[in-house]
Every structure is written in structure tokens, then in C-alpha cells.
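Thank you all for coming; for the next few minutes I would like to walk through the aromatic side chains in the structure that is about to come up. Please have a look at the model first, and then we will take the rings in turn.

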Amino acid sequence: AALVLLHGRGARPGTVLDLADEHDRSSVTHIAPEAYHDTWYPHAATAERELNQPHLDSALRAVGDAVELALDAGVPREKVVVLGFSQGACLAAEYVYRNPERYGGLAALSGCLMGPENTTPPDTEEGSLDGTPAFFGCDRTDPHIPALRVRESADAYRERGAEVTERLYEGLGHQVNEDEMDWVRATLDDLLD
């Protein structure tokens, strides 16, 4: 199995690799691309998508390259989990949604699909996520990611055929908690069986 890890704004790959260390799964390959100047795109994820261009398209290509690296190493797509935190979570959600196939999983930790509330999902090619496990976890009052946008993203994933787990927490702040890590561990364990 492989875990593609996408860091948040102003961070570096080491921050999400620290999350991978918590999984303690030595048979999982970790791939953590780095954003140019530590930022995947310049504006908030909830801004109009066009405002984050051309950076967003470039960032999506970087995620695609990381997934391809796993595929080239012999890991099937259905054993590739794309995980991101904050800005990286929004990028992860956007990438998997736009490239619908069966993945090992998506973990959007404090993230959502790109665009403001009540935005339709991005135009993409037809396709299904074919039961891909998808996790959306966020604080109900996160300062960067509105709860409504998390719910809209989870609904869009359900409509595209993912098996969605959606959790809005109280008092989490903009960080990762143990419940989210438990979901990631369980998903990786299922892939390694």
C-alpha cells in the first residue's frame, strides 16, 4: 500500500510525515510532495476556484505525479490512500474527486472540496469512486473550513460512489485528532490484509 501525504499551507512534507510515523505501518510506502514556497495555492480553499489558478492546476499535477509514482512502483490504485491536512486536505479531496476511480482511501483532515459554500463540484470526466473509503473530519467551528462546506463535500463524494465517513468535532480547532488517526490506521490495515 502507499500513502500520498499532502501538507498544509506554510508547512513542509515533514509535518505530514510525522503523521505517517504515528501509523507504525512499515509495509506502507510514504510519498510526500512539497508545495512551491510551502503553499499549494495562494487563496483560501473556499475562494472561487479561478482565483487559485494556475497554482491549483499545478498542485493537482503534483498530486497526480505522486500517485503515478506509487503506481509505477507496483502499488495498485485501490491500495493508494491520499491524505492531506488543511490546504493539503482540500487539494487531496479535489484531486480524488476529479480523477474518479477506486482508491485505497481519501482522508481530508480539516479540508473540503475547493470553492465557496453552495458551489457545485468541479467539472470532471464521468466516473465513479467505486466504493473508495473517504473521510472528512473537521472542527464544527474551524476558522478556515466551514462545516457546511465539509458536509457538501461529503455529499458530493457519496453521489460519486464513495463510502463516506463524515465527522464534525467540537473543540478540535484546526488540527488532527486521534479519532481521525484511528480511521487512517483501520483503512491501512484493511489494505494490508
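**The aromatic cluster**

Let me start with Phe136, which is buried, because its relative accessible area is 0% and the limit for buried is under 20%. Please keep in mind that we are looking at a predicted model.

How many aromatic pairs does the structure hold? There are three of them, and I will describe two, beginning with Tyr97 and Tyr157, whose ring centres are 5.8 Å apart and whose planes meet at 50°, so this pair counts as tilted. That pair links distant parts of the chain, since Tyr97 sits in helix α3, residues 87-98, while Tyr157 belongs to helix α4, residues 147-159, with the two positions 60 residues apart.

Are these two tyrosines buried or exposed? Tyr97 is buried, with a relative accessible area of 8%, and Tyr157 also counts as buried, at 0% relative accessibility.

Coming back to Phe136, its ring pairs with that of Tyr157 in an edge-to-face arrangement, with 5.2 Å from centre to centre and 70° between the planes. Here too distant parts of the chain are linked, with Phe136 in strand β5, residues 133-139, and Tyr157 in helix α4, 21 residues apart.

Taken together, Tyr97, Phe136 and Tyr157 form one aromatic cluster. Finally, there is a charged neighbour to point out: Arg160 lies over the face of Tyr97, at 4.5 Å from the ring centre.

How values were computed: Residues numbered from 1 in each chain as written. Predicted model: local features only at pLDDT ≥ 70, side-chain atom pairs only at ≥ 80, totals over all residues. Heavy atoms only, no water. Phe/Tyr/Trp six-rings, centres within 6.5 Å; stacked < 30°, edge-to-face > 60°. Helix = DSSP H or I, 4+ residues; strand = E, 2+ residues; numbered from the N terminus. Buried < 20%, exposed > 50% of the residue type's maximum accessible area, 1.4 Å probe, protein only. Lys NZ or Arg CZ within 6 Å of the ring centre and 35° of its normal.
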